[in-house]
Amino acid sequence: MATRMRWMRFRPQEAALIAITAVWGSTFLLVHWAMEHADPWFFVGIRFLVAGLISVAIFWRSLRGMRWRDIGAGAAIGVMIYLGYGLQTLGLQTIDSSTSAFITAMYVPLVPLAQWAVFRKRPPTMAFVGAGLAFVGLMLIAGPDAFALTLGTGEIATMISTLPIAAEIILISVFAGKVDLGRITIVQLLTAGLLGLLTMPVAGEAVPEFSWVWVGAAVGLGAASCLIQLTMNWAQKSVSPTRATIIYAGEPVWAGVIGRIAGERLPATALIGGGLVVLGILASELKLVRRKSRAVEEQPSERGR
């Protein structure tokens, strides 16, 4: 048996995921700026409440037929959003946006294994190749400090955030096609927002002084979060968790570009790492196709002689 490779075309769902990945990557810098004027759990709460209210305005008709299945699925995903974004925002108090994005993307190699465990279906070989290339690229971007044992609070919080982020991607695929798109989007965003505000007294946070920086960031990121979660819920009905994750791996590349424009400088190894991430995305688009050898193909004709 011989093996050849061929390119698979990007579908509209995958193109949409690439687009929101660019949006997602640009949010790190805004959050980093907002952390100079507000505490993390307050900001996460306001951000996702705004996102939830926007989704209510869009899908208010869907609320009439709300089912317990929609509530349960939305709440489960909302908890993962709350933990993932909350810990990520907590980390952004002490580390820059580019570093946060690159550490966050450590979830990339976790999702193929989690998909295998949850769905009992082995992802395609090229999905593992793509995830591996993306992960190596992310490590190059993060630099040698990523392997140091003396990590700060911000780095540790961001690393832990990768677990619920990976779980969110898996859960969205688990529930995709089984629940209403509008209802689950509303529930998950409001759940994340309410949990963020409820965490404030536990974390010793208070409502910050008014600032157009955190207000503008919360409203802008709320709209972006609504768009991101709505697109993920829609696209992952037909895009596997592993394939979606490899696309999401382009997020730190966008964050690095935005960070560089804002004055953050990345070394040459980071640029090489960014190239590997892109290569990983392209590699995941390759499909291995097995074909019979010529000798085997000729057997039927020989028999007919």
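This passage looks at how confident the model is, then at helix H2 and at Glu-205.

The structure is a predicted model, so it helps to start with its confidence, which is pLDDT on a scale from 0 to 100. The protein chain averages a pLDDT of 79, and 78% of the residues score at least 70. Helix H8 comes out best, with a mean of 95, while helix H13 (residues 294-303) sits at the bottom with a mean of 46. Around there, residues 292-298 fall below 50 and have three contacts in the model beyond near neighbours in sequence. Residues 300-305 are also below 50, and that stretch has zero such contacts.

Helix H2 covers residues 40-59. At 1.5 Å a residue, its 20 residues should span 28 Å, and the end C-alpha atoms are indeed 28 Å apart, so the two values agree. Plenty of names turn up on the buried list for H2, including Pro-40, Trp-41, Phe-42, Arg-47 and Phe-59. Among the elements covering these buried residues are helix H1 (12-34), helix H3 (68-91), H8 and H9.

Glu-205 sits in the loop between H8 (181-203) and H9 (212-235). Glu-205 is buried, yet it has no salt bridge. A salt bridge would need a partner within 4 Å, but the nearest side chain of opposite charge, Arg-47, is 14 Å away. What Glu-205 does have is a polar partner in H2: a polar atom of its side chain lies 2.9 Å from the backbone nitrogen of Phe-42. Leaving out residues up to four places away in sequence, Glu-205 touches Asp-39, Pro-40, Trp-41, Phe-42 and Met-200.

Methods
Residues are numbered from 1 along each chain as its sequence is written. This is a predicted model: local features need pLDDT of at least 70, side-chain atom pairs count only at pLDDT 80 or more; totals for chains, interfaces and linings use all residues. Side-chain values use heavy atoms; hydrogens and water are left out. Helices (H or I, at least four residues) and strands (E, at least two) are DSSP runs, numbered from the N terminus. Buried means under 20% relative accessible area, exposed over 50%, partly exposed in between (1.4 Å probe, protein chains only). Lys and Arg count as positive and Asp and Glu as negative; His and the chain ends are not counted. A polar contact is a pair of N or O atoms within 3.5 Å; within protein, one must be able to donate a hydrogen and the other to accept it, and residues adjacent in sequence count only if both atoms are side-chain atoms. Contact means heavy atoms within 4.5 Å. pLDDT is the predictor's confidence in each residue, from 0 to 100. The expected span of a helix is 1.5 Å times one less than its number of residues.
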